[in-house]
Structures are given as structure tokens and as C-alpha cells.
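Here is a colleague's note for someone meeting this structure for the first time. Please keep the sequence and the model open while reading.

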Amino acid sequence: MRDRRLEDLVARLAAAGLDVVAPFAASAYDRIRPDGFAPLRRHGREDALAVLVGNTRALWPKLVDAVRRDPSLATCSDPVDTYVVRTVTQALDTAFGTVRRHVVFAHDTGTERVAMVHAAEAAGIAQRGPTALAIHGTYGPWWALRALVTFDLPPVPSPAPPRICDGCPAPCRPAADHVARLRARAAGDLDGRAFVRRHFDALVAMRAACPVGARHRYGDAQLRYHYLLDRAGLRGSARSED
């Protein structure tokens, strides 16, 4: 039976630029979650409905419009994280009302943090590639994982993970190996954000080396924001929309 609440959630999130929404069974993630990550909440059930939320390049114009309407958003510690939390929370409240649920966002680092790439595999929409990125069957590496929600509802069947990278000649491998060497040399010397700033070009080249989903590549402003937290570029994009 179709769950119109889930259909409503998908439509609301897509309208806000969060256009990848995948329902699956919480148990599918728990079977493959790596060491150090907690099981998903099942709300007292043997198994529960889980929903993974992500976005493609479709997020960018929605974020830019949100900043144009509320310039203070660009001053938050992370405008995308703030936008995602607001959007997902509002969509859940509207679509599911008082149904008990638990949300973990990709930027959460607490004891219930989620291994998002493994969640994408459990949801049957991506495979972990040689770059350690989640490779989507349509979008390749040009998408991002934002949140995982579990509900006090029965699960839906979880499809098998796609084998997108199987048989691929892995043209991404040299770029991935280069980034791995950079990380090894920087160990202990740079925090994560500083590493990204210093090696922005190499990180983008690694992503771009994947042959899947090239036409879904982020635009330059979106790339610079996601990697460099370029608020000036975000504000500039918002002004250009006036």
C-alpha cells in the first residue's frame, strides 16, 4: 500500500532542493554499518522504516533563493546545514505530524552518528567507489547525503545495492591515490577544513574523474561553497538573482 505521507514528504523535500529520498529498512543498515557506529533507532520495533535524504545540484538554486529572502542565513556557521535542518524538520512535521521519529543529520557527530555512505548502500541507491564517495547510479558522485530518519512505522523492502563500479576500469583511481598520498603527508598537520582549502583542486579532480553522472556536475559556485564554505560566493549568487 502506498503511504501518502511518504509521498508528501518526497514532494516537499524535492521542492526545497533535497531531491534524493530513499526509503528502506533500518535493519539493512545495521547489517553493514561499520564498527564504531550505533544501530539505528527502531522505536521498539523489530524493524522500522528508514528514509535517507540527499541532494543533487538541485539544492543550489533553492539555497541561493533562501539566502536572497533571508540574508542572515549566509552568516550561519554552515548555511547548508542550517537550511537542511530547517527544511527537513518542517517537511517531517507537515507530512508525518505526530508520528514518532528520529533524525540524524550528516553533520551530526554524536554517539548516534550515521555512516552515510553505508546508509546509501543499504538504501540500494549507491555503491562506495574507489574514491570512498557514494556513487549514485544516475548522479555518480555529484550528490550529497544530508539526513537519515527512522520512523515508528513498519519498514519497506530494501533493494540490493547497485553494482555501479563493478567492471569499471576505475579512471578515478589515480586521482584517488593522489589524494590519499596528500592525506598521508598531511596527517597531524592540517585539520579537515584546512586540508580541503589547500587541496581543493585535487579533491575536485578526484570527483570529476568518475565516468558516471558527469552531466550532473555541480556548477563552479556550488563546488566552491561545498568544498571551501565560500559564503561570499553564496551571497554573490543571491545578489545576482535580484
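The points below go from the sheet to the helices and then to single residues.

1. **Status of the model.** This is a predicted model. Please read every point with that in mind.

2. **The sheet.** Start here. Four strands make up an open sheet, in the order β1-β2-β6-β3. Their pairing is antiparallel. From one strand to the next, the twist averages 20 degrees.

3. **The edges.** Which strands stand at the edges of the sheet? They are β1 and β3, the latter spanning 101–105. Each has a single partner strand, so one side of each lacks a neighbour in the sheet.

4. **Strand β1.** Look at residues 20–25. This strand is mostly covered, as five of its six residues are buried. So β1 combines two features: an edge place in the sheet and mostly buried residues.

5. **The β1–β2 pair.** How many bridges join these two strands? There are six, and β1 and β2 (residues 49–55) run in the antiparallel sense. Two partners can be traced by eye. A25 is bridged to L49 of β2. A22 is bridged to L52, also in β2.

6. **A helix on the sheet.** Helix α4 covers residues 79–96 and packs on the sheet. It touches β2, β3 and β6, the last of these at 144–151. The direction of α4 makes about 165 degrees with that of β3.

7. **α1 against α4.** Two packed helices are described by the angle between their axes and the distance between the axes. Helix α1 (residues 4–15) packs with α4 at about 150 degrees, and the axes are 9 Å apart. Angles over 145 degrees count as roughly antiparallel, so α1 is roughly antiparallel to α4. The crossing is right-handed. On the α1 side, the contact is made by R5, L6, D8, L9, R12 and L13. On the α4 side, T87, V88, A91, L92, T94, A95 and F96 take part. By class, that contact has eight nonpolar, two polar and three charged residues.

8. **α6 against α8.** What is the angle between these two helices? Helix α6 (residues 173–186) and helix α8 (residues 200–208) pack at about 150 degrees, with axes 8 Å apart. They are therefore roughly antiparallel to each other. Their crossing is left-handed. From α6, the contact takes in A175, A176, H178, V179, L182 and R183. From α8 come A202, L203, A205 and M206. Eight of these residues are nonpolar, one is polar and one is charged.

9. **The end of α8.** A208 lies in helix α8. Its relative accessible area is 34%, so A208 is partly exposed. Leaving out residues up to four places away in sequence, A208 touches W142 and R217. P141 is 67 residues from A208 along the chain, yet their C-alpha atoms are separated by 8.0 Å.

10. **Helix α9.** Which residues of α9 (220–228) are buried? They are Q222, L223, Y225, Y227 and L228. Their cover includes β2, α3 (59–69), α4, α7 (192–198), α8 and α10 (231–240). Here α4 appears again, having already been seen packing on the sheet.

11. **After α9.** L229 comes just after α9, in the loop between α9 and α10. Its phi is near 50 degrees, a positive value in a residue other than glycine. Is L229 buried or exposed? With a relative accessible area of 17%, L229 is buried.

12. **Loop β6–α6, residue A170.** A170 sits in the loop between β6 and α6. It is not a glycine, although its phi is positive, about 55 degrees. The cut-off for buried is under 20% relative accessible area. At 19%, A170 therefore counts as buried.

13. **Loop β6–α6, residue D152.** D152 also lies in the loop between β6 and α6. At 22% relative accessibility, D152 counts as partly exposed. What does D152 contact, leaving aside its neighbours within four places in sequence? It contacts H43, R45 and R100. R100 is 52 residues from D152 in sequence, and the C-alpha atoms of the two are 5.3 Å apart.

Technical notes
Residues numbered from 1 in each chain as written. Predicted model: local features only at pLDDT ≥ 70, side-chain atom pairs only at ≥ 80, totals over all residues. Heavy atoms only, no water. Buried < 20%, exposed > 50% of the residue type's maximum accessible area, 1.4 Å probe, protein only. Pairing = 2+ DSSP bridges. Axes fitted to C-alpha atoms, helices over the stretch in contact; angles between N-to-C directions. Parallel < 35°, antiparallel > 145°, perpendicular 65-115°, else oblique. Left-handed = near helix turned anticlockwise from the far one by under 90°. Contact = heavy atoms within 4.5 Å. Nonpolar A, V, L, I, M, F, W, Y, C, P; charged D, E, K, R; others polar.
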